[in-house]
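Visitor: I have this model open and would like to talk it through before I set anything up. Could you take me around it?

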Amino acid sequence: MLKRLLLYLNSKVAQTLPPDIVQKSMAANWKNQWSEWRPDQMYPDTHAQREAFLAKRFEPTLSRESCIVELGCANARYLLKIAPGIKKAYAFDISPTFLQTARDCARERGVTNVTFIERDLQQWINKPDGLPDIEKRLSGAINDDDWEITHVFVGALLMYFAKDEDALKMFAVCNRLLPKTGHLLLRETLVKDGLSRKIHSAAEGYMAIYRTYEEYRAMIEQAGFKIECDDAIGHEKDTCHHSFLCSKITDTAGH
Ligand SMILES: C[S@@+](CC[C@H](N)C(=O)[O-])C[C@H]1O[C@@H](n2cnc3c(N)ncnc32)[C@H](O)[C@@H]1O
């Protein structure tokens, strides 16, 4: 009872915190707190359904020539699974621990075409020159000839961007990264239809912002993408895991 009351009070405080504080807390948690990311163990059913969406909708868009950028990759479990069938991937995350796990796992499996890069992506998009083409020079890890991105995968990252303007900037970066035939795969936790967005705040400091479907759809379209298909999987009482496969909007001349 006391725990529930504390959680309730905690979530009420979170709703009123300034976005900068919320953002700091979100980033610090991911950077320092967790060493393992295992959605297959945390919520096996919804995880399996999300993977089914990827297999049915996303994977058919891939080929041996595909080059994927994953933003917020954690242990990169999914990326490492599909990496043998594509040309190259660049995987970014804020957490050195996750990235180390991902590198170890890549080595064990003999996957050599994924480059892992540690970045706070919220800061990255806010640097005046923090654009992808600058990033490749900064990191020094990326060969110019290989920088032909065909797919961007953003999986449960924007729910840790407290400010909508940052989420929108991230979509704009995705648009700049992709050619006109490119695909964006977005997967976030949303509030269910009819509910208002909320900041989730757990006692151990975990925070996330659950936006509405309409809010994501508006940002996606504002950034120049259209939703090819999407899928919602009920997660908890008032949230769902939503996957969107998007392509770029091109004008009639094909630009
Ligand atoms: C919920 S996990 C999702 C992992 C994976 N993409 C997936 O879909 O299963 C969120 C990931 O985003 C990363 N992340 C959170 N905030 C970040 C930031 N500001 N910059 C870079 N990565 C961030 C976390 O470290 C974590 O790996």
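**Helices, ligand shell and confidence**

Visitor: Which residues of α6 are exposed?
Guide: Pro96, Asp104, Arg107 and Glu108 are exposed, on the side of α6 away from its buried residues; exposed means that 12 or fewer other C-beta atoms, placed from the backbone, lie within 10 Å of the residue's own, buried that 20 or more do, and partly exposed anything in between. Helices (H or I, at least four residues) and strands (E, at least two) are DSSP runs, numbered from the N terminus. This is a predicted model, in which local features need pLDDT of at least 70 and side-chain atom pairs count only at pLDDT 80 or more, while totals for chains, interfaces and linings use all residues. Residues are numbered from 1 along each chain as its sequence is written.

Visitor: And which ones in α6 are buried?
Guide: Those are Phe98, Leu99, Ala102 and Ala106. Viewed down the helix axis, they fall within an arc of 95° (taken from the directions from the axis to the C-beta atoms), so they line one face of α6.

Visitor: What covers that face?
Guide: The cover includes α5 (77–82), β2 (88–93) and β3 (114–118), where contact means C-beta atoms within 7 Å.

Visitor: What comes just after α6?
Guide: Gly110 follows, with a positive phi of about 75°.

Visitor: Switching to α9, what is buried there?
Guide: In α9, which runs over residues 164–177, the buried residues are Ala167, Met170, Phe171, Val173, Cys174 and Leu177. Their arc around the axis is only 155°, which puts them on the same side of α9.

Visitor: OK, the ligand: which residues come nearest?
Guide: Among the 19 residues around the ligand (C-beta within 6 Å of it), Trp30, Gly72, Ala74, Ile94 and Gly155 come nearest. The helices α2 (19–32) and α7 (121–126) each supply at least two residues of the shell.

Visitor: How many of the shell residues are charged?
Guide: Three are charged, alongside twelve nonpolar and four polar ones, with Asp, Glu, Lys and Arg as charged, Ala, Val, Leu, Ile, Met, Phe, Trp, Tyr, Cys and Pro as nonpolar, and the others, Gly among them, as polar.

Visitor: Where is confidence lowest?
Guide: In the protein chain it is lowest in α8 (residues 132–139), at a mean pLDDT of 53, and highest in α10 (residues 213–222), at 98; pLDDT is the predictor's confidence in each residue, from 0 to 100. The chain's mean is 86, and 84% of its residues reach 70 or more.

Conventions:
Contact = placed C-beta atoms within 7 Å. Expected span 1.5 Å × (residues − 1).
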